[in-house]
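These are my notebook entries on ring pairs, helix packing and nonpolar cores. I record what I looked up in the order in which I turned to each topic.

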Amino acid sequence: MTTDAWDARFDDFWDGVDLDDPTGARARLEALLAERGIGDARASYERGSLHDSLGEEDAAIPLYRAALADGLSDDLRTQATIQLASSLRNVGDASGAIALLRAVPASDPLHDAAQAFLALALHCDEKPTEALALALRTLAPHLPRYRRAVDAYAGELVKLDRVRVIAVGLLVRDGSVLLESYPANARHGEFLRAPGGGISFGEPAAVAVRREFAEELDATIDDARLLAVTENIFDTSSGRGHEIVHVFAVASAGLAALPADERIAVRDSHTTVGWYEIAALRAGGLPVYPVGILDLLP
């Protein structure tokens with residue numbers, strides 16, 4: 001049977017599947033896959049899609065990853081990427097979803113769909129203004145009127161005034177500290193920041209710092225000890241910021257093994273992390289935020 005014929009068979013399955021009968025749905029899909037007789041990327045994708053449709057995201061995620069790694073055909077790769085990102089967001093990994101969706105090129109036919117899911121992920125990642133701006137910019141070209149106005153207003157949105165509570169981790173090795181580098185742009189010069197991020201509602205700070213390192217750097221924190229809780233009020237080109245910062249001394253065998261001249265890309269950002277000599281920073285190197293954290297280092 002040709003690829004087009006099998007595509008039609010899978011389309012028929014999805015058109016008729018009864019998601020209120022999970023057992024029957026699984027049996028129908030497995031019968032179809034057995035008839036096809038190839039345990040390949042397409043099979044992983046279809047199984048992942050069914051788990052996803054049944055609300056079983058934890059089971060869908062490794063199947064989507066396998067499908068993408070095993071050479072899923074180009075016509076399905078973006079669909080698998082969007083569905084993987086959506087599943088990651090639903091299980092709490094908004095950063096992983098953002099990284100995947102930002103990689104979908106503007107030339108892709110499903111780019112606008114990816115942008116919609118990216119807006120959802122940004123909202124879950126506590127970036128509501130960025131999420132709204134993205135949704136409006138994606139919608140604007142499809143409006144019968146007011147396209148330029150909506151696009152312009154999206155560009156004028158500013159972050160909401162709010163106090164943000166975050167948890168950051170300081171990992172020290174041989175007189176150096178692991179920091180995240182934000183490259184210079186038209187709005188600011190290069191600066192450094194302690195890795196970490198927002199604390200979710202109901203989440204202890206010590207849990208948040210571990211989660212942020214796992215999401216942003218795919219790293220495990222072996223130990224986290226609270227050093228201080230500080231307050232950081234600052235002005236940026238997009239407005240005033242106000243943060244309550246839980247600063248932890250952290251240990252991570254995986255990150256501690258990172259060579260001095262190598263860097264790790266942050267999953268949902270254009271930034272990277274690497275080692276910086278503490279003495280050089282104190283002597284007037286690049287700005288380090290949150291303000292005052294260098295004073296907490298040995």
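**Entry 1: A charge over a ring**

I began with Arg145, which lies over the face of Tyr146 at 5.6 Å from the ring centre. I note here that the model is a predicted one.

**Entry 2: Aromatic pairs**

I then searched the whole structure for aromatic pairs and found five. I looked up Trp6 and Phe10, whose pair is tilted, with 6.3 Å from centre to centre and 40 degrees between the planes. Both residues sit in helix 1 (residues 3-16); because Trp6 and Phe10 are four residues apart there, about one helical turn separates them. I checked their exposure as well: Trp6 and Phe10 are both buried.

I turned next to Phe191 and Tyr289. Their ring centres are 5.5 Å apart and their planes stand at 75 degrees, so I entered the pair as edge-to-face; the angle is over 60 degrees, the cut-off for that class. This pair links distant parts of the chain, since Phe191 belongs to strand 4 (residues 191-193) and Tyr289 to strand 10 (residues 288-289), 98 residues apart. Phe191 has a relative accessible area of 17% and is therefore buried. Tyr289, at 34%, is partly exposed. I also noted that ring pairs join Phe191, Tyr289 and Tyr182 into a cluster.

**Entry 3: Helix 1 against helix 2**

How do the axes of helix 1 and helix 2 cross? I found that they come within 11 Å and cross at roughly 175 degrees, helix 2 being residues 22-36. Helix 1 is therefore roughly antiparallel to helix 2. I listed the residues that make the contact: on helix 1, they include Trp6, Phe10 and Phe13. On helix 2, Leu29, Leu32 and Leu33 are among them. Trp6 and Phe10, which I had entered as an aromatic pair, thus reappear in this helix contact.

**Entry 4: Nonpolar cores**

I looked up the largest nonpolar core, which has 25 residues. Tyr45, Leu72, Leu84, Leu101, Leu118 and Leu122 touch the most other members. Among the elements giving two or more residues to this core are helix 3 (41-53), helix 5 (74-90) and helix 7 (111-124). Helix 5 provides the largest share, six residues.

I followed Tyr45 further. Leaving aside residues up to four places away in sequence, Tyr45 touches Tyr64, Ala67, Leu72, Leu76, Gln79, Ala80 and Gln83. My last record is of a second, separate core of 19 residues, which includes Phe213, Ile221, Leu258 and Val266.

Notes
Residues are numbered from 1 along each chain as its sequence is written. This is a predicted model: local features need pLDDT of at least 70, side-chain atom pairs count only at pLDDT 80 or more; totals for chains, interfaces and linings use all residues. Side-chain values use heavy atoms; hydrogens and water are left out. Rings of Phe, Tyr and Trp (its six-membered ring) pair if their centres lie within 6.5 Å; planes under 30 degrees apart count as stacked, over 60 as edge-to-face and the rest as tilted. Buried means under 20% relative accessible area, exposed over 50%, partly exposed in between (1.4 Å probe, protein chains only). A charge sits over a ring if NZ of Lys or CZ of Arg is within 6 Å of the ring centre and within 35 degrees of the ring normal. A nonpolar core is a set of buried Ala, Val, Leu, Ile, Met, Phe, Trp, Tyr and Cys residues joined through side-chain atoms within 4.5 Å. Contact means heavy atoms within 4.5 Å. Axes are lines fitted to C-alpha atoms, for helices over the stretch in contact, and angles run from 0 to 180 degrees between N-to-C directions. Angles under 35 degrees count as roughly parallel, over 145 as roughly antiparallel, 65 to 115 as roughly perpendicular and the rest as oblique.
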